[in-house]
Amino acid sequence: MAQEYLEFEKPIAELEKKIEELTLFTSNGDINLEEEILKLHKKSDQLRAEIYSRITPWQKAQISRHPNRPYTLDYIEAMMTDFVEMHGDRAFADDPAIVSGMAKLDGMPLTIIGHQKGRTTKEKIFRNFGMPNPEGYRKALRVMRFAERFRKPLLTFIDTPGAYPGIGAEERGQGESIARNLSVMSQLKTPILTVVIGEGGSGGALALGVADRILMLEHSTYSVISPEGCAAILWNNGAKASEAAELLKITAQDLFQMKVVDEVVEEPIGGAHRDPRRAAELLKEAVTRNLAEIRNVPFDDLLKQRYEKFRRIGMFDEI
């Protein structure tokens with residue numbers, strides 16, 4: 001897969017282009033430049049580490065949307081075995097923007113639900129750019145009930161700009177489908193673990209996010225609205241998205257500090273898209289550890305803790 005660079009990564013892109021050119025000279029046998037190439041590789045790694053140590057919330061939003069970033073099916077393939085996909089809501093249609101099914105994590109049976117985006121133009125259209133319709137959330141609801149019935153832990157992956165806002169989606173009950181998922185997840189008698197792997201947008205993300213443990217990848221975002229949407233509403237100027245991103249507190253680090261999420265999962269330097277295999281290894285360790293901590297908690301205690309967890313979010317003090 002061809003590497004794509006974000007605007008703030010241009011200095012890295014220039015270095016890596018130079019490395020590519022020198023490597024080509026060396027491979028053609030014209031001249032041995034291996035020592036120079038090693039120096040440039042080291043310089044590139046240092047530059048990437050420096051840039052990523054001071055990125056802004058808006059830059060994190062751009063990373064969370066990177067087209068090469070691993071999606072739900074990528075993590076399922078890298079982390080799990082025996083995945084069997086489940087389709088359809090048994091009422092209207094199957095929604096490819098949400099994938100669901102059963103899999104095993106080191107031999108432990110799990111139920112999986114996650115948003116799925118596409119990479120090529122054809123895939124993006126097929127997956128509706130990761131924006132689910134009501135039938136997607138109703139498919140997810142059916143799989144949640146399945147997880148509860150067969151006592152399988154539920155693992156959800158969040159990566160969506162938001163629920164699809166089209167007229168057809170609204171006519172088929174977009175708001176109701178999201179609200180029903182929130183209600184059911186709050187009382188679902190099975191352990192639930194959620195991971196925000198990319199962008200977590202609005203109710204479209206929250207419909208898979210009422211969980212006993214919420215993890216976020218280091219460069220993912222989670223917010224009630226996109227920075228561009230917020231800027232358009234507040235200032236009638238989408239160009240102020242970077243300012244909105246700062247104020248919205250959308251980053252994993254901000255949300256962990258505010259106790260909205262339970263853990264920030266480290267990514268390889270440069271983001272999960274730079275080294276998807278290593279990103280999957282880091283995420284698998286965090287998922288396995290957190291599931292081990294919640295999977296044997298009695299259901300009554302689990303539901304009580306889940307309720308208290310979300311009641312604590314948004315607390316305020318009167319002065």
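Within this predicted model, residues 24 or more positions apart make up 72% of the chain's contacts with a separation of 6 or more. Those contacts sit in a chain with 14 helices and eight strands. The radius of gyration comes out at 21 Å, close to the 20 Å from the globule rule for 319 residues, so the chain is as compact as a globular protein of that length. Here are the overall numbers for the chain:

| Property of the chain | Value |
|---|---|
| Span of the C-alpha trace along its principal axes | about 70 × 50 × 40 Å |
| Buried share of the 319 residues | 50% |
| Accessible surface | about 16,400 Å² |
| Share of that surface from carbon and sulfur atoms | 53% |

Now for the pockets. The largest pocket holds about 300 Å³ of space. It has 14 lining residues, and Leu206, Tyr222, Ser223, Val224 and Val260 are the ones closest to its centre. Two elements, α9 (202-206) and β7 (221-223), each give two or more residues to this lining. The top contributor is α9, with three residues. As for chemistry, the lining of the largest pocket splits into 10 nonpolar residues, three polar and one charged.

One residue to look up in the structure is Asn128, which you'll find in the loop between α5 (121-126) and α6 (134-149). Asn128 has a relative accessible area of 17%, and since buried means under 20%, it counts as buried. What does Asn128 contact, leaving aside its neighbours within four places in sequence? The partners are Asn133 and Tyr164.

Notes. Residues numbered from 1 in each chain as written. Predicted model: local features only at pLDDT ≥ 70, side-chain atom pairs only at ≥ 80, totals over all residues. Heavy atoms only, no water. Helix = DSSP H or I, 4+ residues; strand = E, 2+ residues; numbered from the N terminus. Buried < 20%, exposed > 50% of the residue type's maximum accessible area, 1.4 Å probe, protein only. Contact = heavy atoms within 4.5 Å. 1 Å grid on protein atoms, 1.4 Å probe; cavity = no way out; pocket = protein on both sides within 12 Å on 5 of 7 lines; lining within 4 Å. Points joined across faces, edges and corners; volume = space filled by probe spheres on them. Nonpolar A, V, L, I, M, F, W, Y, C, P; charged D, E, K, R; others polar. Rg over C-alpha atoms; globule rule 2.2 N^0.38 Å. Areas by Shrake-Rupley, 256 points an atom, 1.4 Å probe, with all protein chains shown as cover.
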